[in-house]
Amino acid sequence: WGNTSIFLSLILFILFHFIFTGIAVALPIPAGVFFPVFLIGAAFGRLVGETMDVMFHSGINGHLIAPGGYAVVGAAAMAGGVTHTISTSVIVFELTGQITHILPVMIAVLISVAIASLLQPSFYDSIIQIKELPFLPDLKLHKYYNLYASDIMRRDLLYLSYQSTYRDLRQLLKNSKHSSFPLVDNTESRVLIGSVSRLNLWFILNEQLQGVYEHAREIKNRQLKGENEESRSVSPERPSSPKTSIVQSMSTFTRIFKSPPTDDVDATEEDLAEVIDSEPESSEYLLQLEEQQLSQTIIFDSILIDPSPFQLVEMTSLTKVHSLFSLLSLSHAYVTSLGKLVGVVTLSDLSDAIEGKQFSRLNQQTSSELSDIQMREFATSDEETDTNVTNI
């Protein structure tokens, strides 16, 4: 190994380091990628530098070839191309402590970032796409500049109003998994008042039905006490065993530490369901009481309302929507027209629009609408022709 060529050593180092870096990154353990890629780029740059030294052994214009300088440039260019960041040049200057190679390093980093951005997303964005996490691509094509929020928004909204009942609220929470819901004044004008979080809505719903749940808990407790008294009267008393088995000890431990007393736990909807299934006589009264509570109008005075959720107008350009979502890390934004709630734009909708998935759907809708219009115009022209012939 003492007489091994430096070219063979560098080639083997690049190959094995590239393979093992890919394996390490793919493992389900925390592993960095910047420094391994930095080493691969440095080795490739050193390989190019050694090649230049062999080709121009006497130097270029009286200046000798320094393979270490090529290694610095290659490391910066490789790291910048993988991460799509220009700040790697600054990191290289801080590591080396000199700025003699500032011009080649900056040029190499800019070229590598530009070419890599055209070919594929960065390493971190690729991981996000592979894991199918919420991802917002960059705007690169000019066709996006003619799109507006009204082109990508969802018009089938789930919202609450001051006239909504607790029954509507429970149906809304069961049928959707949104983290917040818009609040409007009424279903006709739909003027946006604010937004309410899902947690607060669950709180006021449980608070409204707490009386029904407590009645169900009382009936359930009476039923359990009656069953315990019957079992005591039927089964004879057994002499206590001097020794306690392991199973009994574990059951006692579980009962003490994992099952709190029923009096200290708030009654829930499960108690109501158990009583309805077990006692038909009490179920009718509980269902009537629940129906009475659910038919009441929601009182929003005791709930926290966000009076200023993020809003867009219909003619907000897609570039501005993209800037707001990327800078403020928004998950959704409501679209209003003169204060009226007309739609909502979510992160997935914006991502689909940029990737072109929503364009195909919009084109299909547009083509179907155009075909319907053409058919109506054709039918109208036929009717006019028939009328003219009849008159003649």
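## Strand pairing

Strand β2 spans residues 180-184 and pairs with β3 in the antiparallel sense, over five bridges. This is a predicted model. One residue pair can be picked out: Phe181 has Val196 in β3 as its bridge partner.

Strands of a sheet pair through backbone hydrogen bonds, in parallel or antiparallel fashion. Here the sheet is open and has three strands, in the order β1-β2-β3. The pairing is mixed. Which strands form the edges? They are β1, at 160-161, and β3, at 192-197. Each of these edge strands pairs on one side only.

## A helix on the sheet

Helix α9 covers residues 198-208 and packs on the sheet. This helix touches β1, β2 and β3. The direction of α9 makes about 80° with that of β3.

## Ser89 in helix α4

Ser89 sits in helix α4, residues 88-96. Is Ser89 buried or exposed? Its relative accessibility is 1%, and buried means under 20%, so Ser89 counts as buried.

What does Ser89 touch, leaving aside residues up to four places away in sequence? The contacts are Val105, Met106 and Val109.

## Helix α15 and the residue after it

Helix α15 runs over residues 347-355. Its buried residues are Leu347, Asp349, Leu350, Ser351, Ala353 and Ile354. Asp349 and Ser351 are thus listed as buried along with Leu347, Leu350, Ala353 and Ile354.

Gly356 comes just after α15. Gly356 takes a positive phi of about 95°.

Note on methods
Residues numbered from 1 in each chain as written. Predicted model: local features only at pLDDT ≥ 70, side-chain atom pairs only at ≥ 80, totals over all residues. Heavy atoms only, no water. Pairing = 2+ DSSP bridges. Helix = DSSP H or I, 4+ residues; strand = E, 2+ residues; numbered from the N terminus. Contact = heavy atoms within 4.5 Å. Axes fitted to C-alpha atoms, helices over the stretch in contact; angles between N-to-C directions. Buried < 20%, exposed > 50% of the residue type's maximum accessible area, 1.4 Å probe, protein only.
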